Amino acid sequence: MRRGLLALLQNVFKIRPEELAATGWAFIYLFFAIGAFIIGRIARTVLFLEIPDYKQQLPLAYIGIAASVSLAMLAYARVQGRLRRDRTNAITLVLLIAGTLSFRFALQSGSHAIYWAFYFWVEVFGTFLVVQFWTLINEIFHSRQAKRLFALIGGGGVLANVFIGLFVSGIVRALGTENLLYIIGGCMAVSLAAVIRLGGLARTELEAARDRAPVRKKGQAAPNSRKKVFATRHVQLIGLVVILTYIVSTLVDYQFQAIIGDTIPGKDDRSAYLGAFFAITGVIGGVIQFFITARILERFGLLIALILLPSAMRTGAIALLALPAALAAVTFTKGAENCLRYTINDSTLQLLYLPLPTNLRSRAKATIDGILKPLSIGVAGLLIALLVGRLD
């Protein structure tokens with residue numbers, strides 16, 4: 001049985017026996033990290049839709065995301081290089097678990113202010129989970145391994161959509177939306193265990209990456225200035241792709257949430273619908289991630305892989321214009337984004353980071369994923385605020 005599994009992994013996913021343990025734990029880490037983020041987004045969306053005039057409030061929430069996530073990542077950038085990467089991730093996960101469980105008790109008040117704060121919190125912890133995961137994995141696997149293994153590892157996030165989505169859809173009516181926060185904490189705890197295990201398996205690689213990082217002397221200028229990060233056209237290209245992706249994605253997300261709020265009346269019914277949505281798009285995304293992503297990258301290259309997402313979004317936008325108030329139309333548009341953004345698009349973006357030196361790579365990821373992404377969401381929020389009344 002074990003030999004058969006190893007042969008399957010070698011033949012289909014090109015994974016070598018010595019890579020199996022680290023790849024498996026990376027897969028588990030991402031599965032439960034993305035699982036926590038998915039449940040968080042379901043809960044935060046459903047709770048926010050309980051606020052009166054949520055259509056007018058959502059654009060302000062996007063602007064708030066830009067501010068809260070950017071400030072959190074700016075603070076993180078000042079301390080992220082002081083410890084070995086796995087230890088930084090482990091400490092962060094402990095803090096995120098404590099913060100999430102604190103929100104569960106705060107939600108008992110039923111205050112709309114808590115709904116607002118939780119909306120921001122989900123985006124903060126989601127950003128940390130994704131940024132820290134890929135930063136750690138980029139230090140464990142070298143570029144040749146990444147081209148073979150990132151599609152498989154990234155599949156952990158895709159499968160999380162399926163299984164976590166089905167789980168939420170099936171249990172939320174009995175459990176209640178607010179109690180999903182306990183499940184979020186449990187998912188983060190499993191990710192914490194995976195980080196600890198990866199730290200043991202890849203100690204040599206992580207120590208080497210730590211040693212390669214430049215040491216800043218007392219009084220020396222900080223090495224993480226945005227000017228230095230964006231000094232190369234390569235990093236500028238990554239930043240531009242991310243900005244355009246997240247502006248369009250936020251416009252679609254607003255339509256998706258607003259139409260769900262108009263169409264589905266019950267709080268737990270909305271959670272169930274969102275769970276089913278993530279499950280279905282996860283199945284489609286899983287097929288893409290495991291059987292199509294690597295082949296597209298190998299045969300057609302990075303440029304074609306990056307073009308697929310905007311092409312699909314354009315098709316969805318045309319459908320949405322044809323049926324502007326239809327739940328099916330907006331679900332198709334959002335689904336097209338989910339199926340490609342977290343599969344081919346994310347895997348391709350991670351490969352774009354690999355040519356960068358280790359120290360620049362970690363700072364570029366922290367700046368782009370932690371600052372440019374939320375700022376792009378904030379810009380989209382400003383656009384929506386100007387257009388509210390036309391988009392709904």
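A residue counts as buried when its relative accessible area is under 20%, and serine 271, at 0%, therefore meets that cut-off. Keep this in mind as you go through the views below, which come from a predicted model.

**Figure 1. Serine 271 sits in helix H11 as a buried residue.** Let us start with the residue that opened this page. Serine 271 belongs to helix H11, and its relative accessibility is 0%. Setting aside residues up to four places away in sequence, serine 271 touches Ile42, Val46, Val168, Val172 and Thr177. Leucine 47 is worth finding in this view too: 224 residues separate leucine 47 from serine 271 along the chain, yet their C-alpha atoms are 9.4 Å apart.

**Figure 2. Arginine 270 is a buried arginine of helix H11.** The relative accessible area of arginine 270 is 6%, so this residue counts as buried. A polar atom of the arginine 270 side chain lies 3.1 Å from the backbone oxygen of glycine 261. Beyond the neighbours within four places in sequence, the contacts of arginine 270 are Val46, Leu49, Glu50, Ile260, Gly261, Ile264 and Pro265.

**Figure 3. Helices H10 and H11 pack at an angle of about 135 degrees.** Here you can follow H10 (residues 233-263) and H11 (residues 267-300), whose axes are 11 Å apart. An angle that is neither under 35 degrees, nor over 145, nor from 65 to 115 counts as oblique, and H10 and H11 are therefore oblique to each other. Their crossing is right-handed. On the H10 side, look for Phe256, Ile260 and Gly261; on the H11 side, look for Arg270, Tyr273, Leu274 and Phe277. Sorted by class, the residues of this contact are 5 nonpolar, 1 polar and 1 charged.

**Figure 4. Helices H5 and H14 cross at roughly 165 degrees.** The axes of H5 (residues 112-140) and H14 (residues 358-387) come within 10 Å. Angles over 145 degrees count as roughly antiparallel, and that is therefore the description for H5 and H14. The crossing of H5 with H14 is right-handed. From H5, the contact takes in Thr127, Val131, Trp134, Thr135, Asn138 and Glu139, while H14 brings Thr358, Arg361, Ser362, Lys365, Ala366, Asp369 and Gly370. By class, this contact of H5 with H14 holds 3 nonpolar, 6 polar and 4 charged residues.

**Figure 5. Arginine 84 lies in the loop between helices H3 and H4.** The flanking helices span residues 54-79 (H3) and 85-106 (H4). Although placed in a loop, arginine 84 has a relative accessibility of 6% and so counts as buried. Its side chain makes a polar contact of 2.9 Å with the side chain of glutamate 207. Apart from neighbours within four places in sequence, arginine 84 is in contact with Gly199, Arg203, Leu206, Glu207 and Arg210.

**Figure 6. The chain as a setting for the close-ups has 14 helices and 0 strands.** Stepping back, you can trace the elements from the N terminus on as α-α-α-α-α-α-α-α-α-α-α-α-α-α. The chain has 392 residues, and 55% of them count as buried. Among contacts between residues at least 6 apart in sequence, 86% join residues at least 24 apart.

Note on methods: Residues numbered from 1 in each chain as written. Predicted model: local features only at pLDDT ≥ 70, side-chain atom pairs only at ≥ 80, totals over all residues. Heavy atoms only, no water. Helix = DSSP H or I, 4+ residues; strand = E, 2+ residues; numbered from the N terminus. Buried < 20%, exposed > 50% of the residue type's maximum accessible area, 1.4 Å probe, protein only. Polar contact = N/O pair within 3.5 Å; in protein donor to acceptor, adjacent residues only side chain to side chain. Contact = heavy atoms within 4.5 Å. Axes fitted to C-alpha atoms, helices over the stretch in contact; angles between N-to-C directions. Left-handed = near helix turned anticlockwise from the far one by under 90°. Nonpolar A, V, L, I, M, F, W, Y, C, P; charged D, E, K, R; others polar.
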